[in-house]
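Hi everyone, thanks for making time this morning. I'd like to walk you through how the helices pack in one small part of our reading list. Here it is on the screen.

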Amino acid sequence: MSFSRADLQKLLELVAMTEAKEIDCDEFLHRVAGYLERLGPEGTPPPGYEDVVHHLQICPECLEEFRVLYQALCEES
Ligand SMILES: [Zn+2]
């Protein structure tokens, strides 16, 4: 499984309708590991992490960070 723009787009669209509370970058980095651990096989966001996905939509820096982490995770397994 490799990370692609389409995967990311799908992932963001899945929660686009969801109302999420806003978190800052610190909170995001705090929660992103748990988010990645619970990510579904199709890249489905785990329940309860809408705020993390929302932050990905509004913060390019964290999106890049997420992309790197996600890629590393995929290479591991
Ligand atoms: Zn951020």
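Let me start with helix 2, residues 25-38, and helix 3, residues 50-58: their axes come within 9 Å and cross at roughly 120°. That angle makes helix 2 oblique to helix 3. The crossing of these two helices is left-handed. If you want to find the contact on your own screens, look for Cys25, Phe28, Arg31 and Tyr35 on helix 2, and for Asp51, Val52, Val53, His55 and Leu56 on helix 3. Sorted by class, that helix 2 and helix 3 contact has six nonpolar residues, one polar and two charged.

Please keep in mind that this is a predicted model.

Now let's step back to the whole chain. How many helices and strands does the protein have? There are four helices and zero strands, so to speak an α-α-α-α run when you read from the N terminus. Of the 77 residues, 38% count as buried. And here is a number on how the chain folds back on itself: among contacts with a separation of 6 or more, 74% are between residues 24 or more positions apart.

Next, helix 3 and helix 4. Their axes come within 6 Å and cross at roughly 115°. Helix 3 passes helix 4 in a left-handed crossing. On the helix 3 side you'll see His55, Leu56 and Ile58, which meet Pro60, Cys62, Leu63 and Phe66 of helix 4. By class, this contact of helix 3 with helix 4 has six nonpolar residues, one polar and no charged ones.

That leaves one more pair that I'd like to show you, helix 2 with helix 4. Are they roughly parallel or roughly antiparallel? The axes come within 11 Å and cross at roughly 20°. Helix 2 and helix 4 are therefore roughly parallel to each other. Helix 2 passes helix 4 in a right-handed crossing. Helix 2 brings Cys25, Phe28, Leu29, Val32, Tyr35 and Leu36 to the contact, and helix 4 brings Cys62, Glu65, Phe66, Leu69, Tyr70 and Leu73. Those residues divide into eleven nonpolar, no polar and one charged.

Let's zoom in on one residue from that list, valine 32, which is found in helix 2. Is valine 32 buried or exposed? Valine 32 is buried, because its relative accessible area is 3% and the cut-off for buried is under 20%. Leaving aside residues up to four places away in sequence, valine 32 touches Phe66 and Leu69. You can also check a distance here: the C-alpha atoms of valine 32 and cysteine 62 are separated by 9.5 Å, and the two residues are 30 apart along the chain.

Finally, the core. Which residues touch the most other members of the largest nonpolar core? In that core of 19 residues, they are Leu11, Phe28, Tyr35, Leu36, Phe66 and Tyr70. The elements that give two or more residues to this core are helix 1 (5-14), helix 2, helix 3 and helix 4 (60-76).

If you'd like a place to begin on your own screen, try Phe28: you'll find it in the contact with helix 3, in the contact with helix 4, and among the core residues I just named. Thanks for listening, and I'm happy to go back to any of these views.

Note on methods. Residues numbered from 1 in each chain as written. Predicted model: local features only at pLDDT ≥ 70, side-chain atom pairs only at ≥ 80, totals over all residues. Heavy atoms only, no water. Axes fitted to C-alpha atoms, helices over the stretch in contact; angles between N-to-C directions. Parallel < 35°, antiparallel > 145°, perpendicular 65-115°, else oblique. Left-handed = near helix turned anticlockwise from the far one by under 90°. Contact = heavy atoms within 4.5 Å. Nonpolar A, V, L, I, M, F, W, Y, C, P; charged D, E, K, R; others polar. Core = buried A, V, L, I, M, F, W, Y, C linked by side-chain atoms within 4.5 Å. Buried < 20%, exposed > 50% of the residue type's maximum accessible area, 1.4 Å probe, protein only.
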